[in-house]
Amino acid sequence: MRTFPTEFADLLTPKGRRILEGKDRGTCGALMQPGRRFVALSGVLDARKAVACRDALEKALRDTLTSMEDPIPPESIWGMTENYAEQLPKTVRVRTALLESRRSRSWRAAEEVGLVGMLHSESFAAFAAAVSGRPLRRKWGIQALCYGPGDYTGPHNDHHPEDPEAFDGYVDMHLTFATPAVAHQWLVYSKGGHFSEMQNVNTVGGITVYRLPFWHYTTPLMAKPGAEADARRWVLLGTFLDAPKERRRGSAIELPVP
């Protein structure tokens, strides 16, 4: 049974539609501001529809997830030969749905509830373009993550210097759907060279948009006492490359004309 709409736009509140149409001056093009790499939005997804989306994820995808775990390597401590010369690679513990493979159980389950179609919809990318202030390529990556108690993503910057299409920056957009059993989870990110900024991501229908690369991490998810079995935060992701300056008409997701 399809739960997710064919178009992302159908989840939006009037505020969300103003952003999609390029009519919200405070949000549209926000990531073009010098030094601004991150935007957190609330009140843009309809609350009732957001709860329905979360419940659909819980029912359809929970049993199809694959563990993704990269712990701290022991050599990051015991391989050191000099004081204060430690280096920490990206560490993570989370579960993921394999939405890029049509052969996976996750893809089939997500397709049945309409999730794949919505994440590939024109309005999903158009919303990311409106906030980022940049035209985006039409082909973009999608993913679904599920954080449980203690799951986290360690400090990383998501820089891809060897990729000619991404080394100069790209855009991620995340939709968050947390269950009521979650006590808290935070996104910590850098400003002025320090991990000084923090945003609550324990939301149902919150949207975060990133201009990567920049340093950030996600704190361990904490459950409410006695509710560990039901504590999960679902994250739906889109990863968008900038459209080339020289391009054919219709080959990119263009900025909305208010």
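**Close-up 1. Side-chain contacts of Arg-247 in the predicted model**. A polar atom of the Arg-247 side chain lies 2.7 Å from the backbone oxygen of Pro-244, and the Arg-247 side chain also makes a polar contact of 2.9 Å with the side chain of Glu-254. Arg-247 belongs to the loop between β14 and β15 (252-253), and, with residues up to four places away in sequence not counted, it touches Pro-135, Ala-252 and Glu-254. With a relative accessible area of 32%, Arg-247 is partly exposed, because this value falls between the 20% limit for buried residues and the 50% limit for exposed ones. Met-32, which is 215 residues from Arg-247 along the chain, has its C-alpha atom 21 Å from that of Arg-247.

**Close-up 2. Helix α2 (residues 47-60) and its N-terminal cap**. Asp-46 caps the N-terminal end of α2, placing a side-chain oxygen 3.1 Å from the backbone nitrogen of Arg-48. The end C-alpha atoms of the helix are 20 Å apart, which agrees with the 20 Å that its 14 residues should span at 1.5 Å a residue. Ala-50, Cys-53, Arg-54, Ala-56, Leu-57 and Glu-58 are buried in α2, and the elements covering these buried residues include α5 (115-119), β7 (170-178), β11 (204-212) and β14 (233-240).

**Close-up 3. Ser-104 in the loop between β3 (92-97) and α4 (105-112)**. Ser-104 has a relative accessible area of 11% and is therefore buried, the limit being under 20%. A polar atom of the Ser-104 side chain lies 3.0 Å from the backbone nitrogen of Trp-107.

Note on methods
Residues are numbered from 1 along each chain as its sequence is written. This is a predicted model: local features need pLDDT of at least 70, side-chain atom pairs count only at pLDDT 80 or more; totals for chains, interfaces and linings use all residues. Side-chain values use heavy atoms; hydrogens and water are left out. Helices (H or I, at least four residues) and strands (E, at least two) are DSSP runs, numbered from the N terminus. The expected span of a helix is 1.5 Å times one less than its number of residues. Buried means under 20% relative accessible area, exposed over 50%, partly exposed in between (1.4 Å probe, protein chains only). Contact means heavy atoms within 4.5 Å. A polar contact is a pair of N or O atoms within 3.5 Å; within protein, one must be able to donate a hydrogen and the other to accept it, and residues adjacent in sequence count only if both atoms are side-chain atoms.
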